[in-house]
Amino acid sequence: MKKILSLLFASCLVVCASAELYTPSRVFEIGFDVGFGADQNLMPVPDLMKKELVLDLSEINDNLDSNGFVFDLFLSTRFFMNLHLENRVDVGLVTELEFVGSFGLGKALFKFLGEGNEFGESIDTSINAYTEVFLSASVPVKFKVRNIGIKVTPSYFIPILYVPQPDATFSAVSYNDGSMHTEVKADFSMYSVYDLSTVFTSDFGLQDDFSFDSSLITEMLSSGGVDLDLEAEYPFFSWLDAGAYMHLPIVPGRLKYKGEGGFSWSATVNPLLDFLLSDDDDASATTMDDPEFRDGKFTTLDSAYSVNRPFRLGVQAALRPFGNWFTFRPLFGFAARNPFGKDFKAKDSMFVEYCFAADLRFLYVFNFSFATEYRNKVFGQSVGIALNFRVMELVTRISFTSADFLKSWQGSGVKAVVGLRFGW
């Protein structure tokens, strides 16, 4: 019993001495992460893969929340180096390329499909969409002031492409003869660090003679913005380390090239009931226009379009009640997308974030992690496995994701991250 108590006491001392939100695994490391994700909230992917797909429009309408249908796409690559010095100062270098996109259809469309409407009455619903691509370089520096750990990360970021919310609607009308007419109209704008007229034609097809100009690199570097990550943490007990974080936009990125245009598409479906009850293949007919991009216009702005990365503010903690082999990590935060931009709207741009994660480490080599989270308006349920051989570490994490909490447990989307670390 004395030996067991001695071991527990020694374990507490070790945890207290190294109590940090995230304890470094190596003195020096170099590594990279590659991530991909796609999700939707219409129905679980396994249901879509069935041999016979049955769509219950009433059930789909009942299961969708007020946001309607949402599809998200995510891509990222990250390269980093970290140095953990003996005097408890950490420095690093991180470069990252990140793509985030979202597309959504309002609830009214699915209410129309599931419940119907009065004949001749037009059902109009919004189309929600945005796209942002950022390239960034950061220098994280962590140090201690007494027992308070402080991490400061200045970043220089370049907005490669930014597409704000378009002015877009989807309308549908049903008639008493059983036919239905649908129509999509959209006016959109996109902003880039690159002259879009050299990429797209007036109808937004790709230019045949598109080429990369080396002068673009200089122009990109001069168009970037600056933001700052601030983190503070304090070891309240041997088993509890807690702190706060903030991602603060300082100087916006500037995009001086603009592309704008319109999009339209329509379709008319004649009565299907006649087709189902008749042997005549011509009893039902569908008239569908080809999607049309129009009025393409590309300009160089006199006053550049300003873009910031999201503002974030929150608190987080690391609890180790049983020793450093088990860590529970809660996080609560708030975020605002492009907080000082022209397209900022409190209703659409502001959202909360949270994460409840657990990390388990066995024999130093085997690391397992589990998390349920809500970030960037996407719910995720993730499992991660890492094999740490000191000189090399393989990190993998897979998440089931969706804009709907319940469907994120059912496999409506997936996000996967694979990474390698080398060092000692």
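# Close-up views of the predicted model

**View A. Four residues of helix 4 (residues 107–115) are buried: Leu 109, Phe 110, Phe 112 and Gly 114.** Buried here means under 20% relative accessible area, exposed means over 50%, and partly exposed is what falls in between, using a 1.4 Å probe and protein chains only. Helices (H or I, at least four residues) and strands (E, at least two) are DSSP runs, numbered from the N terminus. The model is predicted, so local features need pLDDT of at least 70 and side-chain atom pairs count only at pLDDT 80 or more, while totals for chains, interfaces and linings use all residues. Residues are numbered from 1 along each chain as its sequence is written, and side-chain values use heavy atoms, with hydrogens and water left out. Look around the buried residues of helix 4 and you'll find helix 3 (57–63) packing against them, along with strand 2 (69–84), strand 3 (90–105), strand 4 (123–138), strand 7 (167–174) and strand 8 (180–192). Contact, for this and later views, means heavy atoms within 4.5 Å. Right after helix 4 comes Gly 116, with a positive phi of about 80°.

**View B. Strand 1, strand 2 and strand 3, joined by antiparallel pairing.** Two strands pair if DSSP finds at least two bridges between them. Between strand 1 (residues 28–40) and strand 2 there are 13 bridges, and Phe 36 sits opposite Leu 75 of strand 2. Strand 2 goes on to pair with strand 3 over 16 bridges, again in the antiparallel sense. To find your place in that second pairing, look for Phe 79, which stands opposite Thr 95 in strand 3.

**View C. Strand 18 (residues 378–388), largely enclosed by the rest of the structure.** It counts as enclosed because eight of its eleven residues are buried. On one pairing, strand 17 (residues 366–375) runs antiparallel to strand 18, with ten bridges joining them; Thr 372 has Gln 381 of strand 18 as its bridge partner. The other pairing is with strand 19 (residues 392–402), also antiparallel and over ten bridges, and there Ala 386 stands opposite Val 395.

**View D. The turns on either end of the strand 18 pairings, where strand 17 leads in and strand 19 follows.** Just two residues separate strand 17 from strand 18 in their hairpin, and Asn 376 in that turn has a positive phi of about 50°. Lys 377 is in the loop between strand 17 and strand 18 too, and here phi is positive at about 65°, although Lys 377 is not a glycine. With a relative accessible area of 28%, Lys 377 is partly exposed. The hairpin of strand 18 and strand 19 has three residues between the strands, and Arg 390 takes a positive phi near 70° there. For context, most residues other than glycine have a negative phi.

**View E. Asp 295, a residue with positive phi that lies within a strand.** Its phi is near 55°, and its home is strand 13 (residues 292–307). Asp 295 is exposed, because its relative accessible area is 58%.

**View F. Arg 329, a buried charged side chain in strand 15 (residues 326–336).** Its relative accessibility is 11%, so Arg 329 counts as buried. The side chain makes a polar contact of 2.7 Å with the side chain of Asp 359. (A polar contact is a pair of N or O atoms within 3.5 Å; within protein, one must be able to donate a hydrogen and the other to accept it, and residues adjacent in sequence count only if both atoms are side-chain atoms.) Leaving out neighbours within four places in sequence, the contacts of Arg 329 include Leu 21, Tyr 22, Ala 317, Cys 355 and Phe 356.

**View G. Pro 46 in helix 2 (residues 45–48), beside residues from much later in the chain.** Pro 46 and Gln 410 are 364 residues apart along the chain, yet their C-alpha atoms are separated by 8.5 Å. Not counting residues up to four places away in sequence, Pro 46 touches Gln 410 and Gly 411.

**View H. The whole chain, for orientation, with its eight helices and 20 strands.** The C-alpha trace spans about 90 × 55 × 35 Å along its principal axes. Of the 424 residues, 41% count as buried.
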